[in-house]
Amino acid sequence: MFTRILVPIDGSEHATRAVDIAGSLTGQDGVQLTLLHVLTHAGGYSVPKELQAYAKVEHIRVTEKDLIESVGREILGNAAQRLRDQGVAGVEERLESGDPASVIAAVAEGSGADLIVMGRRGLGDLGGLLLGSVSHKVAQAVDCSCLTVR
Ligand SMILES: Nc1ncnc2c1ncn2[C@@H]1O[C@H](COP(=O)(O)OP(=O)(O)O)[C@@H](O)[C@H]1O
Ligand SMILES: [Mg+2]
């Protein structure tokens, strides 16, 4: 039914549920599943002191960007492994940076995704919101079907 499924993930439990559901939709041959993580390099976070100290001893330079990127790769790698464990092969991993909702919508468009599966909420802690801002914006911005997983 759906042939190009895009799964934007932020490392949250909600997104992990989205990964599992997307995986279960890949039963037929020829379904391409793409995991996407969007790095948000806000500049507002600094590298933890302990890590800086470690880096100094080891003579390596750790920037905030390095850290965020490695966490992003970790998020993608873990989700891809989770899918492989469920027997889903050929998963594509994409790491991009920018405004998450805009990047997700642009990747969906550019890759011809016909379904986006994402968490209804993410890592944010604004408990009063019904939908997270990313899932809300993406659902508004794209033409393809969108499944927000609870
Ligand atoms: N940086 C990101 N990269 C990729 N996907 C994301 C990102 N942030 C959020 N998402 C997706 O959007 C879903 C909803 O998250 P979000 O709208 O940010 O809610 P919240 O406000 O609770 O964080 C997540 O479960 C995930 O699927
Ligand atoms: Mg969020």
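**Exercise 1. Give the strand order of the open sheet in this predicted model, and find its edges.**

Step 1. Read the order. The five strands run S3-S2-S1-S4-S5, and their pairing is parallel.

Step 2. Locate the edges. Strand S3 (92–97) and strand S5 (145–149) each have a single partner strand, so one side of each is left without a neighbour in the sheet.

Step 3. Add the twist. Neighbouring strands are turned by 25 degrees against each other on average, direction ignored.

**Exercise 2. Describe how strand S1 is paired with S2, and decide whether S1 is enclosed or not.**

Step 1. Count bridges. S1 (residues 4–8) and S2 (residues 32–39) run parallel and are joined by five bridges.

Step 2. Match residues. Val 7 has Leu 35 as its bridge partner in S2. Ile 5 stands opposite Leu 33 in S2.

Step 3. Check burial. Four of the five residues of S1 are buried, so S1 is largely enclosed by the rest of the structure.

**Exercise 3. Determine which residues touch the most other members of the largest nonpolar core, and which elements supply the core.**

Step 1. Find the best-connected members. The core has 20 residues, and Val 7, Ile 9 and Leu 35 touch the most other members.

Step 2. List the suppliers. S1, helix H1 (13–24), S2, H3 and strand S4 (115–119) each supply at least two residues of this core. H3 gives the largest share, five residues.

Step 3. Inspect Val 7. Residues up to four places away in sequence are not counted. Val 7 then touches Ala 18, Val 19, Ala 22, Leu 33, Thr 34, Leu 35, Leu 36 and Val 117.

Step 4. Look for a second core. Another core, of 15 residues, lies apart from this one; Val 107, Ala 113, Val 138 and Cys 144 are among its members.

**Exercise 4. Work out which residues of H3 are buried, and how they are arranged around its axis.**

Step 1. Check the span. H3 has 22 residues and reaches 32 Å from first C-alpha to last, close to the 32 Å expected at 1.5 Å a residue.

Step 2. Apply the cut-off: buried means under 20% relative accessible area. In H3 this selects Glu 64, Gly 72, Ile 75, Leu 76, Ala 79, Ala 80 and Leu 83.

Step 3. Measure the arc. These residues cover only 135 degrees around the axis, which puts them on the same side of H3. The general rule helps here: an α-helix has 3.6 residues a turn, so residues three or four places apart point the same way.

Step 4. Name the partners. The buried residues of H3 pack against H1, S2 and S3.

Step 5. Look past the end. Gly 87 follows H3, and its phi is positive, near 85 degrees.

**Exercise 5. Separate the buried face of H1 from its exposed residues.**

Step 1. List the buried set: Ala 15, Ala 18, Val 19, Ala 22 and Gly 23.

Step 2. View down the axis. The buried residues of H1 fall within an arc of 135 degrees, so they line one face of the helix.

Step 3. Turn to the other side. There Glu 13 and Ser 24 are exposed.

Step 4. Name the partners. The buried residues of H1 pack against S1, S2, H3, S4 and S5.

**Exercise 6. Place Ile 116 and list its contacts.**

Step 1. Ile 116 belongs to strand S4.

Step 2. Its relative accessibility is 0%, so Ile 116 counts as buried.

Step 3. Leave aside neighbours within four places in sequence. Ile 116 then contacts Leu 6, Pro 8, Ala 108, Val 138, Val 142, Cys 144, Ser 145, Cys 146 and Leu 147.

Step 4. Take Leu 147. Ile 116 and Leu 147 are 31 residues apart in sequence, yet 6.1 Å apart in space, C-alpha to C-alpha.

Terms used: Residues numbered from 1 in each chain as written. Chains lettered and ligands numbered in written order. Predicted model: local features only at pLDDT ≥ 70, side-chain atom pairs only at ≥ 80, totals over all residues. Heavy atoms only, no water. Pairing = 2+ DSSP bridges. Axes fitted to C-alpha atoms, helices over the stretch in contact; angles between N-to-C directions. Core = buried A, V, L, I, M, F, W, Y, C linked by side-chain atoms within 4.5 Å. Buried < 20%, exposed > 50% of the residue type's maximum accessible area, 1.4 Å probe, protein only. Contact = heavy atoms within 4.5 Å. Expected span 1.5 Å × (residues − 1). Arc of directions from axis to C-beta.
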